[in-house]
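Biologist: I should like to learn how to read a structural model, feature by feature. Could we begin with a single residue and proceed from there?

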Amino acid sequence: MRLTVIGMGYLGATHAACMAEFGHEVLGVERNPDRLAKLKDGEVPFYEPGLPELLKRHIDSGRLHVTDSYDAAASWGEVFFIAVGTPQKRGENAADLCYVDSVIEELVPLLEHDALILGKSTVPVGTAQRLADRANELAKDVHVEVAWNPEFLREGFAIQDTIHPDRLVLGQFAGGGAEAVTREIYAPIIEEGTPFIVTDTATAELVKASANAFLATKISFINAIAEVCSAAGADVSALADAIGYDPRIGRKFLNAGIGFGGGCLPKDIRAFMARAGELGAAQALTFLREVDNVNMRRRTRMVEVAREACGGSLVGVNVAILGAAFKPESDDVRDSPALNVAGQIQLQGASVTVYDPKANPNSRAIFPTLSYAESTLEACDHADVVLVLTEWAEFRELNPYDLNSVVRQRIVIDGRLCLDKAQWQSAGWTYFT
Ligand code: UDX
């Protein structure tokens, strides 16, 4: 089939490349000129394992094209995926839908044939209805159907999550033809027996919001328990293992540490609260405010642990920060807990050097006042304290003896509970969490 993917960021570029892998002919639309130029050359403008190879293969094979032209998009095919960003509005909790809205405003007046617009971006409940109404107003003698097909991919596993998702969800309006088209697009996934849930659009929108709210709640739950464990001298990792064996609880997303960040969970739980408020259901989601509070407190607490570890003041202290991305296997620093902690520590008078295997350039762009190193050893040179804030494999596997002669003091703070405490202690390190 001929498919168009509008917005070629983390979500859109992955989706476009994977749809080409399924054999579809795909046109990606990207308005950012730098990003467009890279994509045209088969380069991925961010780090996602496996994606550069997949994207290049399909740009070279001619099955995937990119453009910045809505005219070209309008005449390409009948199915349009919306994959543009829905960031948090400045100074508000709500999602900013200007990019989603502009897809409808720009695309629909250009359509000269019937079309199906499948939204993938995470949007507040009610958006599909609003966009469908607007598309109806803008359409010129053509029928434009809007349906919602939320995406659940994780950065770092984006290809696997797109090609072999846990489930497919489609929200369509009564009498719509989206289900048949979607079944054809995702035939290889459906043939694997993947659950395909067809609902109304409001439910599909809420599935995505609820999934992210649940995941955020799970992380903040274990981090709240971590606070109690710290007070009681208990071990939250052993506790998570023990409760995680209960299949009703499950061990996934029970890793305590400095909490969740990134371009999705933080802004999505806030947008969910904001939307519930607009619907008169604010009270139902007040617990998400606490989920957010617990999460933010983890960052502040990490700074306090660092200060205490350094004798009560960070002024003039050399701090090595290992990890800047919001999670491993990503160069994404949007709302990264690691960078947030690095910034707070610097504001308390420390000299901070950050090293991340992939996220140094993005970190430098938003936090130019921090120092950046090209390796763990360089970051730890003369460090008084070393903080591990993103659990990249190269940090988890660090041999503390290799750092012994480099640092000024052997103090390590394990912000992701990812180090072998006994190993670090036997190498002479004081270990904090
Ligand atoms: C998330 C959802 O998982 C995905 O389904 C949705 O489509 C987009 O948002 P992503 O933002 O890529 O995906 O990252 P995820 O793996 O969910 O991690 C989010 C944050 O939670 C990271 O900062 C991670 O470090 C943190 N986290 C995760 C924890 O602190 N503890 C855990 O146990 C798991």
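Modeller: Let us begin with accessibility. At 24% relative accessibility, Leu417 counts as partly exposed, because that class lies between buried, under 20%, and exposed, over 50%. Please bear in mind throughout that this is a predicted model.

Biologist: Where does Leu417 lie, and what is the sign of its phi?

Modeller: Leu417 is placed in the loop between strand E13 (411-414) and helix H19 (421-426). Its phi is positive, about 45°, although Leu417 is not a glycine. As a general idea, most residues other than glycine have a negative phi.

Biologist: Which phi does Asp141 have, and is Asp141 buried or exposed?

Modeller: Asp141 is not a glycine, yet it has a positive phi of about 55°. It sits in the loop between helix H6 (127-138) and strand E6 (144-148). With 83% relative accessibility, Asp141 counts as exposed.

Biologist: How should I read the two ends of a helix? Let us take H2 as the case.

Modeller: One examines the residue that caps the start and the residue that follows the end. At the N-terminal end of helix H2 (residues 33-40), the cap is Asn32, with a side-chain oxygen 2.9 Å from the backbone nitrogen of Asp34. After H2 comes Gly42, whose phi is positive, near 80°.

Biologist: Is Asp34 buried or exposed?

Modeller: Asp34, which lies in helix H2, is exposed, with a relative accessible area of 60%. Along the chain, Asp34 and Pro45 are 11 residues apart, and 8.5 Å separates their C-alpha atoms.

Biologist: Which residues of helix H14 are buried, and against which elements do they pack?

Modeller: To read the packing of a helix, one lists its buried residues and then the elements they touch. In helix H14 (residues 337-347), the buried residues are Pro337, Ala338, Leu339, Val341, Ala342, Gly343 and Ile345. Their packing partners include helix H13 (286-309) and helix H15 (360-366). Strands also take part: E9 (318-322), E10 (351-355), E11 (371-372) and E12 (385-388). Just after H14, Gly349 takes a positive phi of about 100°.

Biologist: How does one read a buried residue through its contacts? I would propose Ser220 and Leu265 as cases.

Modeller: One leaves aside the neighbours in sequence and asks what else the residue touches. Ser220 is found in helix H10 (residues 201-232) and counts as buried, at 3% relative accessibility. Not counting residues up to four places away in sequence, Ser220 touches Phe260, Val291, Val294 and Asn295.

Biologist: And what does Leu265 touch beyond its neighbours within four places in sequence?

Modeller: Leu265 is in contact with Asn212, Ala216, Ile219 and Phe260 when those neighbours are left aside. Phe260 thus appears in the list for Ser220 and in the list for Leu265. The place of Leu265 is in helix H12 (residues 265-278), and this residue is buried, with a relative accessible area of 12%. Leu265 and Phe214 are 51 residues apart in sequence, while their C-alpha atoms lie 9.7 Å apart in space.

Biologist: How is the chain divided into domains, and how far apart are the C-alpha centres of the domains?

Modeller: Domains are read from their bounds, their separation and their contact. The protein chain is divided into domain 1 (2-199) and domain 2 (296-432), and their C-alpha centres lie 37 Å apart. The contact takes 7 residues from domain 1 and 9 residues from domain 2.

Biologist: How many residues surround the ligand, and which are the closest?

Modeller: The ligand is surrounded by 20 residues, the closest being Phe152, Glu155, Asn255, Phe326 and Lys327. The shell divides into 10 nonpolar, 4 polar and 6 charged residues. Domain 1 (2-199) and domain 2 (296-432) each supply at least three residues to the shell, and H10 gives the most, with 4 residues.

Biologist: Which backbone atoms come into polar contact with the ligand?

Modeller: A polar backbone atom of Phe326 is 2.8 Å from an oxygen atom of the ligand. For Gly261, a backbone N or O atom lies 3.1 Å from a ligand oxygen, and for Leu254 the distance from a polar backbone atom to a ligand oxygen is 3.4 Å. The protein covers 92% of the 660 Å² of accessible area that the ligand has on its own.

Key
Residues numbered from 1 in each chain as written. Predicted model: local features only at pLDDT ≥ 70, side-chain atom pairs only at ≥ 80, totals over all residues. Heavy atoms only, no water. Helix = DSSP H or I, 4+ residues; strand = E, 2+ residues; numbered from the N terminus. Buried < 20%, exposed > 50% of the residue type's maximum accessible area, 1.4 Å probe, protein only. Contact = heavy atoms within 4.5 Å. Near = heavy atom within 4 Å. Polar contact = N/O pair within 3.5 Å; in protein donor to acceptor, adjacent residues only side chain to side chain. Areas by Shrake-Rupley, 256 points an atom, 1.4 Å probe, with all protein chains shown as cover. Nonpolar A, V, L, I, M, F, W, Y, C, P; charged D, E, K, R; others polar. Domains from an automatic or database assignment.
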